[in-house]
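Dear colleague,

I am passing on the structure we spoke about, and below it you will find my notes on what turned up when I went through it. Please read them with the model open beside you.

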Amino acid sequence: MEERGTTTGVRDRSAAETAAGGGGRSRRVEHIMSAINREPLTAPHRTRNDAVLALGVAVLAVAIALTGGEGIRPGPLGWTLLLAGHVPLVRRRRRPVVALLGVVACVAPYYALDYNPALPVPATVLALYTVAATGTVRRTLITGVAVLGPTVISNGLTNPEGALESLEISGWIIAVLFIGIAVRYYRLYVASIVERAERAERTREEEARRRVAEERLRIARDLHDLLAHSITLIGVQTSVAAHVLTADPERLDRKAVAQALDDIAGTCRTARGELRTTLEVLRAHDTVVGAGAGSVSGAEDMRGPLPGIDGLAGLAETGRVAGAKVELSVRADGIPPSVGAAAYRIVQEALTNAVRHGGREDLTVRVGLWTADGALRVSVRDDGTGGDDGSGGGVGPSDGTPGFGLVGMRERARSVGGTLDAGPGPAEGFEVTATLPLSREDEVR
């Protein structure tokens with residue numbers, strides 16, 4: 001057992017070391033690719049890194065000189081020119097053209113003294129590459145012509161037999177410039193990919209936030225419609241029961257009291273069921289909202305069936321139970337679910353406000369729905385005595401505090417691309433009219 005445990009421990013340590021080594025290698029590769037793809041003009045610590053690079057190139061030139069090669073080994077002046085030609089490389093990314101001119105200014109007299117020609121090559125190649133990798137193609141071409149032109153002309157005049165060598169040198173210079181151009185375009189391509197990915201991520205986050213805000217607004221509207229409607233009916237039914245109890249205690253109408261109490265209980269049960277459904281959607285939404293816009297869509301799919309114009313008969317009956325005479329006329333079929341839900345909520349809010357603020361016992365509310373010109377027309381008109389204070393159908397709340405009735409109904413209409421008007425009727429009472437296009441079939445949010 002002890003031997004088996006030791007073997008298992010060694011195996012686990014080996015696996016952990018292998019994983020750590022693999023992770024270290026992947027991080028090193030990631031750092032290298034990040035350095036390659038990084039924009040040279042905005043890279044961090046670029047001056048320090050260029051100074052280290054210039055020192056490394058200078059050390060390479062010295063090593064080449066010490067190992068021999070063609071030409072004369074540099075003397076004191078040659079060493080001075082050679083090392084001075086590496087100094088401008090420290091600022092190669094900040095001032096690439098100036099750095100190239102500084103290198104050329106030191107390398108030209110160095111070549112004129114016929115010293116070893118291989119020593120300044122690394123510095124010259126690095127300066128040319130930097131010009132091509134950090135500038136436009138036009139600047140790179142001008143630089144190439146400026147460098148190759150005098151070189152080819154001077155070699156052709158001073159050394160006609162070395163024309164092949166001049167072409168070889170020109171080919172290397174052109175190759176370096178083209179490599180710099182290719183690297184520049186590669187970096188631009190990578191930067192564009194990164195930018196598109198970041199923009200797509202921002203768009204997804206903004207879409208998720210927008211959907212979350214719309215979902216919260218939809219839930220707030222549902223809760224307002226539900227609570228306002230149910231509490232208004234409960235208040236009216238309670239008043240009826242209280243009136244029956246106090247009107248004539250000697251001749252108590254037990255049947256009327258029982259009916260009023262049953263209506264209150266039924267309204268409470270209906271409100272509790274709708275409230276539970278809304279809160280279940282809210283809980284489901286809260287558990288998945290962190291995953292983004294797709295999660296919000298998933299929460300929307302859990303809403304259950306939307307209320308529609310089929311439920312208007314039930315609304316009319318609750319209005320009648322509350323003491324109003326409700327005349328319902330529906331001449332529409334094949335209504336999209338989103339439009340039907342918006343019409344249901346508009347009628348619910350308008351009927352609730354009419355019952356609440358009608359101001360008379362024999363209140364009559366006429367509810368009509370019909371289709372015309374590719375739209376569903378909704379009309380709710382009462383013959384109450386109240387006016388509009390901007391809070392909803394009929395008059396505003398009894399305490400004069402502005403509510404959200406009109407705002408909610410207009411938001412319902414706008415959610416399906418429709419419009420809503422509300423105000424005093426032509427003769428008396430209050431009227432709510434809405435036009436809801438039938439061509440919009442997206443879900444109500």
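**Salt bridges and a helix contact**

In helix H7 (residues 163-247), Glu201 and Arg204 are three residues apart, so about one helical turn separates them. Please keep in mind that this is a predicted model, and that what follows is computed from it. The side chains of Glu201 and Arg204 meet in a salt bridge, with N to O at 2.4 Å, and Glu201 counts as partly exposed, at 35% relative accessibility.

A second pair in helix H7 is spaced in a similar way: Glu207 and Arg210 are three residues apart, and about one helical turn lies between them. The closest N and O atoms of the salt bridge between Glu207 and Arg210 are 2.5 Å apart. Glu207 is partly exposed, with a relative accessible area of 25%, and Arg210 is partly exposed too, with a relative accessible area of 35%.

Elsewhere, salt bridges that share partners join Asp50, Arg92 and Arg93 into one network. Within this network, the side chains of Arg92 and Asp50 meet in a salt bridge of 3.1 Å, N to O. Arg92 lies in the loop between helix H3 (76-84) and helix H4 (96-112), whereas Asp50 lies in helix H2, so this pair ties together parts that are 42 residues apart in sequence. Is this pair buried or exposed? Buried means under 20% relative accessible area, and on that cut-off Arg92 is buried, at 11%, while Asp50 is buried as well, at 2%. Counted over the model by the rule used here, the salt bridges come to eleven, and the ones described above are among them.

Helix H2, which carries Asp50, also takes part in a contact with another helix. The axes of helix H2 (residues 46-66) and helix H5 (residues 121-134) come within 8 Å and cross at roughly 145°. Which residues meet where H2 and H5 are in contact? From H2 they are Leu53, Val57 and Leu60, and from H5 they are Pro122, Ala123 and Leu126. Sorted by class, this contact of H2 with H5 has six nonpolar residues, with no polar and no charged residues.

To draw these notes together, helix H2 holds Asp50, the partner of Arg92 from the loop between H3 and H4, and H2 also meets H5 through residues including Leu53 and Leu126.

With best wishes

Conventions. Residues are numbered from 1 along each chain as its sequence is written. This is a predicted model: local features need pLDDT of at least 70, side-chain atom pairs count only at pLDDT 80 or more; totals for chains, interfaces and linings use all residues. Side-chain values use heavy atoms; hydrogens and water are left out. Axes are lines fitted to C-alpha atoms, for helices over the stretch in contact, and angles run from 0 to 180 degrees between N-to-C directions. Helices (H or I, at least four residues) and strands (E, at least two) are DSSP runs, numbered from the N terminus. Contact means heavy atoms within 4.5 Å. Ala, Val, Leu, Ile, Met, Phe, Trp, Tyr, Cys and Pro count as nonpolar, Asp, Glu, Lys and Arg as charged, and the others, Gly among them, as polar. A salt bridge is a side-chain nitrogen of Lys or Arg within 4 Å of a carboxyl oxygen of Asp or Glu. Buried means under 20% relative accessible area, exposed over 50%, partly exposed in between (1.4 Å probe, protein chains only).
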